[in-house]
Amino acid sequence: MRAYYYDNSFQDPREAHELLPSVPVSLEQLEKVGVLYWRLEGEEGRCQLEDIATERSYKNRDVVTIAPGKLPNYEEKIKTFFEEHLHEDEEIRYILEGSGYFDIRDAEDKWVRIAMEAGDMIVLPAGIYHRFCSDTKNFIVAMRLFKEEPKWTAINRPADDNSYRVEYLKSIQV
Ligand code: KMT
Ligand code: NI
């Protein structure tokens with residue numbers, strides 16, 4: 001995983017969009033906006049995954065492949081993934097194969113790009129504005145974990161009055 005500020009150019013979002021020079025974002029900075037990250041490699045990593053799932057009550061899971069020809073309505077889906085939105089629950093993803101970008105808004109509302117690859121696990125808190133984008137390889141296999149039944153509702157920005165948004169903003173205040 002590598003996180004950095006997005007360059008905000010309007011080129012193809014599948015490109016890296018790294019500033020020149022790059023402005024990296026640390027794990028500590030991600031934690032301050034409520035984003036959790038683990039590197040889970042190999043067999044030990046899979047055990048850690050089970051521990052995290054138990055501890056955090058992630059009872060359900062599925063696996064999705066996001067690639068042309070693998071995901072029904074691929075073009076449509078990829079467009080909705082990239083629309084800025086929030087959820088009323090955590091977004092939990094463990095990357096099994098391939099790679100892709102999770103973009104999140106920092107406390108100053110700037111885009112941070114989180115480049116994820118196989119073995120990376122991330123939790124985006126309820127209420128954070130974010131979006132997902134494939135990279136130029138157009139291939140990612142991800143495990144999606146859920147506390148209860150899969151809740152798919154994406155609430156597009158603006159959703160500033162949403163109670164989960166309000167709670168989220170309170171939770172990241174110092
Ligand atoms: C989402 O909610 O944006 C997705 O499930 C797509 C990303 S999973 C690699
Ligand atoms: Ni989402």
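# A guided tour from strand β7 to the nickel ion

Start by selecting D120, which is found in strand β7, the run of residues 120-124. You are looking at a predicted model, so every value on this tour is computed from its atoms. D120 is buried because its relative accessible area is 0%, and buried means under 20%. Now add Y37 to your selection: the side chains of D120 and Y37 are joined by a polar contact of 2.8 Å or less, at 2.4 Å.

**Stop 1: the nickel ion**

Next, select ligand 2, the nickel ion. Which residues of the protein are its donors? They are H85, H87, E91 and H130. The three histidines each offer their NE2 atom, while E91 offers an OE atom. Show these atoms together with the nickel ion, and you will find them 1.9 to 2.1 Å from it.

Now look at the angles. The four donor atoms make angles of 85 to 173 degrees, and the site is classed as irregular. For background, the ideal angle for four tetrahedral donors at a metal is 109.5 degrees.

Colour the donor residues along the sequence, and their spacing reads H-x1-H-x3-E-x38-H. Two of these donors, H87 and H130, link distant parts of the chain, as they are 43 residues apart. H87 sits in the loop between β4 (85-86) and β5 (91-105), whereas H130 belongs to strand β8, residues 130-134. Are H87 and H130 buried or exposed? Both H87 and H130 are buried.

**Stop 2: ligand 1**

Keep E91 on screen and select ligand 1. Around ligand 1 you will find I66, F81, E91, R93, F102, F132, A142 and R144. E91 is therefore a residue to show at both stops: it is listed around ligand 1, and it is a donor of the nickel ion.

Zoom in on R93 next. An N or O atom in the side chain of R93 lies 3.0 Å from an oxygen atom of ligand 1. How much of the accessible area of ligand 1 does the protein cover? On its own, ligand 1 has 300 Å² of accessible area, and the protein covers 97% of this.

**Stop 3: the loop between β10 and α4**

Move to the loop between β10 (155-156) and α4 (163-171), where D160 is found. D160 is partly exposed, because its relative accessible area is 43%. Draw a distance from its C-alpha atom to that of G127: the two are separated by 9.2 Å, although D160 and G127 are 33 residues apart along the chain.

P158 is found in this loop too. Select R157 with P158, and look at the peptide bond between them: it is cis, with omega near 5 degrees. As a rule, most peptide bonds are trans.

One more residue to pick in the loop between β10 and α4 is N162. N162 counts as buried because its relative accessibility is 14%. Its side chain is joined to that of E88 by a polar contact of 2.8 Å.

**Stop 4: the loop between β1 and α1**

Now go to the loop between β1 (2-5) and α1 (27-32), which holds P21. The peptide bond from L20 to P21 is cis, with omega near 0 degrees.

Two further residues here deserve a click: N8 and H17. Phi of N8 is positive, near 60 degrees, and phi of H17 is positive as well, about 55 degrees. In general, most residues other than glycine have a negative phi. Which of the two labels, buried or partly exposed, belongs to N8? N8 counts as partly exposed because its relative accessibility is 46%. H17, with a relative accessible area of 5%, is buried.

**Stop 5: E149 and two cysteines**

Select E149 in the loop between β9 (140-146) and β10. E149 is exposed because its relative accessible area is 59%, and exposed means over 50%. The C-alpha atoms of E149 and Y58 are 9.9 Å apart, with their positions 91 residues apart along the chain.

Finish with C47 and C133. C47 is partly exposed, at 47% relative accessibility, whereas C133 is buried, at 5%. How many disulfides are counted in this model? The count comes to zero. In general terms, a disulfide is a covalent bond between the sulfur atoms of two cysteines.

Terms used. Residues numbered from 1 in each chain as written. Chains lettered and ligands numbered in written order. Predicted model: local features only at pLDDT ≥ 70, side-chain atom pairs only at ≥ 80, totals over all residues. Heavy atoms only, no water. Donors = N, O, S within 2.8 Å, 3.2 Å for Na, K, Ca; no water. Tetrahedral: all angles 85-135°; square planar, octahedral: opposite > 155°, others 65-115°. Helix = DSSP H or I, 4+ residues; strand = E, 2+ residues; numbered from the N terminus. Buried < 20%, exposed > 50% of the residue type's maximum accessible area, 1.4 Å probe, protein only. Near = heavy atom within 4 Å. Polar contact = N/O pair within 3.5 Å; in protein donor to acceptor, adjacent residues only side chain to side chain. Areas by Shrake-Rupley, 256 points an atom, 1.4 Å probe, with all protein chains shown as cover. Disulfide = S-S within 2.5 Å.
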